[in-house]
Amino acid sequence: MNGEAITLARALCDGDNRLLEADEPLAGLQLRSGGELPGTIAIPELLELVRKARRFRFRMGRAINALDGGEAVSAWVEVVPDSAGEGCEIRVRNWQTSACPTEDSATIEQRRQATDRHVAELSARLDARQRVLTVLSDSPELAALTAAMETGHGRHWTEFLPPENATHQQPLHWRLLDGARVTVSGSLRSWRVSLIPHMQPGFDPDGFELLLLSDQPPAVIAAPAAAPVGQGLRTSLVGQDLAPVLHQPISRIIANAETIRTRLAGPLPDDYAQYAQEIAHAGRHLLDLLKDLGDLEVVEADGFHTAPDRIDLAEVCRQAAGILNVRAREAGVLIDAPGQGDHVPAIAEFRRVLQILLNLITNAIKYAPQGSHVWLTAGRHGDGVRAVVTDAGPGITPADQAKVFEKFERLGRSGDGGSGLGLFISRRLARAMGGELSVESAPGHGARFILDLPADPQG
């Protein structure tokens with residue numbers, strides 16, 4: 001192009017990349033692209049060209065492309081900065097339109113998947129049988145769901161996200177579940193799932209990516225008021241500051257390691273699959289440690305309190321047992337939980353009671369010998385209620401019973417990934433709810449961890 005070429009349209013732009021005036025057809029495209037006149041340039045490639053010309057302060061010309069409804073626009077545009085390098089003149093030398101090519105179904109589906117990944121509030125990796133491998137979410141609203149799925153890896157995802165109005169026996173074929181509306185316990189929003197299969201041509205899916213999406217925005221939670229200077233100072237930044245930042249990259253390491261271990265990415269020698277399993281295992285331990293450090297800061301903060309409600313302690317025991325049943329079976333241990341007919345009304349915070357019981361049962365599974373049982377009982381005890389977790393492990397000496405609830409106490413254990421904080425945090429939670437956590441044991445006769453809570457007077 002040269003200076004004698006025909007100019008089809010002119011426009012003026014200021015130093016803030018705003019179109020001050022423009023001739024047709026450029027003016028119409030600016031408005032149909034969502035912009036205003038005067039207003040910031042709304043045509044992406046034109047905006048980029050203007051910015052470069054202003055930055056380098058010399059005349060630039062190039063072809064730009066844009067979409068105008070159902071048409072594709074191709075134009076040759078020159079941008080001439082003014083002598084001060086602030087505003088500029090835009091000259092349109094050529095303008096052509098053509099019908100947009102029809103996208104095939106595969107391209108449309110790829111765009112849908114990319115959009116779903118961008119807006120999903122929870123993502124999970126599933127194996128070929130739709131069982132949970134890893135889960136990732138930063139949503140506070142989905143914290144309880146994420147914790148349950150993390151603990152219950154190996155279980156079918158519909159156990160955590162039951163489809164609405166499901167009348168067929170589970171598990172259904174994945175195509176029937178893709179796009180299904182699901183129920184998220186404790187959430188008032190409407191949710192749906194997107195299942196993205198990992199496939200090779202001619203084969204069934206060898207795994208899935210599950211995305212949890214809502215068409216409704218999350219509730220806005222007001223930020224807590226700032227503490228006065230000199231009050232509420234934290235002694236650690238790990239739980240409140242670093243843990244949320246580290247959670248996502250570590251979870252992605254775990255997810256990628258599980259993808260390698262389960263050979264979703266292709267064939268792999270057994271030794272390398274074992275290495276990937278060890279990476280995933282170490283990553284889970286690190287996430288557990290970060291979670292414990294975060295909980296530690298919470299329970300040690302000034303003014304920490306729980307949100308008591310009317311709960312059924314027997315039902316919480318059943319839910320905790322259900323979450324850990326797969327882990328127990330893998331360890332060769334059976335969990336004996338209260339029956340469906342048992343009801344023990346209590347006053348406590350459901351989430352915190354579940355957290356305590358999951359910690360106690362996890363410890364019991366860890367120390368119970370293969371072929372043994374872990375027993376959960378719940379019932380009234382005096383003026384309150386009581387849940388007891390009993391195992392057939394090696395037991396705890398009287399001297400160690402005095403130390404087992406101390407912070408960072410691991411009783412000489414090494415290599416099991418524990419932080420030594422679980423029982424300390426659990427006792428602090430129990431006492432914050434007006435209860436107590438204690439232990440009864442004798443060497444060689446297992447251990448009984450006892451959670452006492454206030455009874456519901458109306459129960």
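Tutor: pLDDT is the predictor's confidence in each residue, from 0 to 100. The model here is predicted, and that score is a good place to start.

Student: What is the mean pLDDT of the chain?

Tutor: The score runs from 0 to 100. In this chain, 83% of the residues reach 70 or more. The mean over the chain is 81.

Student: Over which residues is the pLDDT below 50, with 3 contacts beyond near neighbours in sequence?

Tutor: The model gives this stretch 3 contacts beyond near neighbours in sequence. Its pLDDT is below 50. The stretch is residues 220–235.

Student: How many contacts beyond four places in sequence does the model have for residues 412–417?

Tutor: Here too the confidence is weak: pLDDT stays under 50 over residues 412–417. Contacts beyond four places in sequence are still found for them. The count is 9.

Student: How many helices and strands does the chain have?

Tutor: The chain has 459 residues, of which 42% count as buried. Among contacts between residues at least 6 apart in sequence, 59% join residues at least 24 apart. The secondary structure comes to 11 helices and 18 strands.

Student: What is the strand order in the open sheet of 6 strands?

Tutor: The pairing in this sheet is antiparallel. At its edges are β3 (39–40) and β4 (60–68), each pairing on one side only. The order is β3-β2-β1-β6-β5-β4.

Student: Which residue in the turn between β4 and β5 has a positive phi?

Tutor: β4 and β5 pair in the antiparallel sense over 9 bridges. Within that pairing, Asn65 stands opposite Ser74 in β5. The two strands form a hairpin with 2 residues between them. The turn residue with a positive phi, about 65°, is Gly69.

Student: What is the bridge partner of Ala75 in β6?

Tutor: Strand β5 covers residues 71–81, and strand β6 covers residues 88–99. They run antiparallel, joined by 11 bridges. In β6, Ala75 has as its partner Trp95.

Student: At about what angle does helix α2 run to β4?

Tutor: Helix α2 spans residues 44–56. It lies across β1 (9–13), β4, β5 and β6. Relative to β4, its angle is about 160°.

Student: Why do Cys13 and Cys88 form no disulfide?

Tutor: A disulfide is a covalent bond between the sulfur atoms of two cysteines. The cut-off for the sulfur pair is within 2.5 Å. Cys88 holds the closest cysteine sulfur to that of Cys13, but the gap is too far for a bond because it is 4.2 Å.

Student: How many disulfides does that rule give?

Tutor: Cys88 is in no disulfide, its nearest cysteine sulfur being that of Cys13. The rule gives a count of 0.

Student: Is Cys13 buried or exposed?

Tutor: Buried means under 20% relative accessible area. Cys88 has 5% and counts as buried. Cys13 has 4%, so Cys13 is buried.

Student: How far apart are the end C-alpha atoms of helix α9?

Tutor: Helix α9 has 18 residues, 350–367. At 1.5 Å a residue, the helix should span 26 Å. 14 of the 18 residues are buried, so α9 is mostly covered. The ends agree with the expected span: they are 26 Å apart.

Student: How far apart in space are Gly422 and Asn363, C-alpha to C-alpha?

Tutor: Gly422 is in helix α11 (residues 422–432). Gly422 counts as buried because its relative accessibility is 17%. In sequence, Gly422 and Asn363 are 59 residues apart. In space, C-alpha to C-alpha, the distance is 9.2 Å.

Key:
Residues are numbered from 1 along each chain as its sequence is written. This is a predicted model: local features need pLDDT of at least 70, side-chain atom pairs count only at pLDDT 80 or more; totals for chains, interfaces and linings use all residues. Side-chain values use heavy atoms; hydrogens and water are left out. Two strands pair if DSSP finds at least two bridges between them. Helices (H or I, at least four residues) and strands (E, at least two) are DSSP runs, numbered from the N terminus. Contact means heavy atoms within 4.5 Å. Axes are lines fitted to C-alpha atoms, for helices over the stretch in contact, and angles run from 0 to 180 degrees between N-to-C directions. Buried means under 20% relative accessible area, exposed over 50%, partly exposed in between (1.4 Å probe, protein chains only). The expected span of a helix is 1.5 Å times one less than its number of residues.
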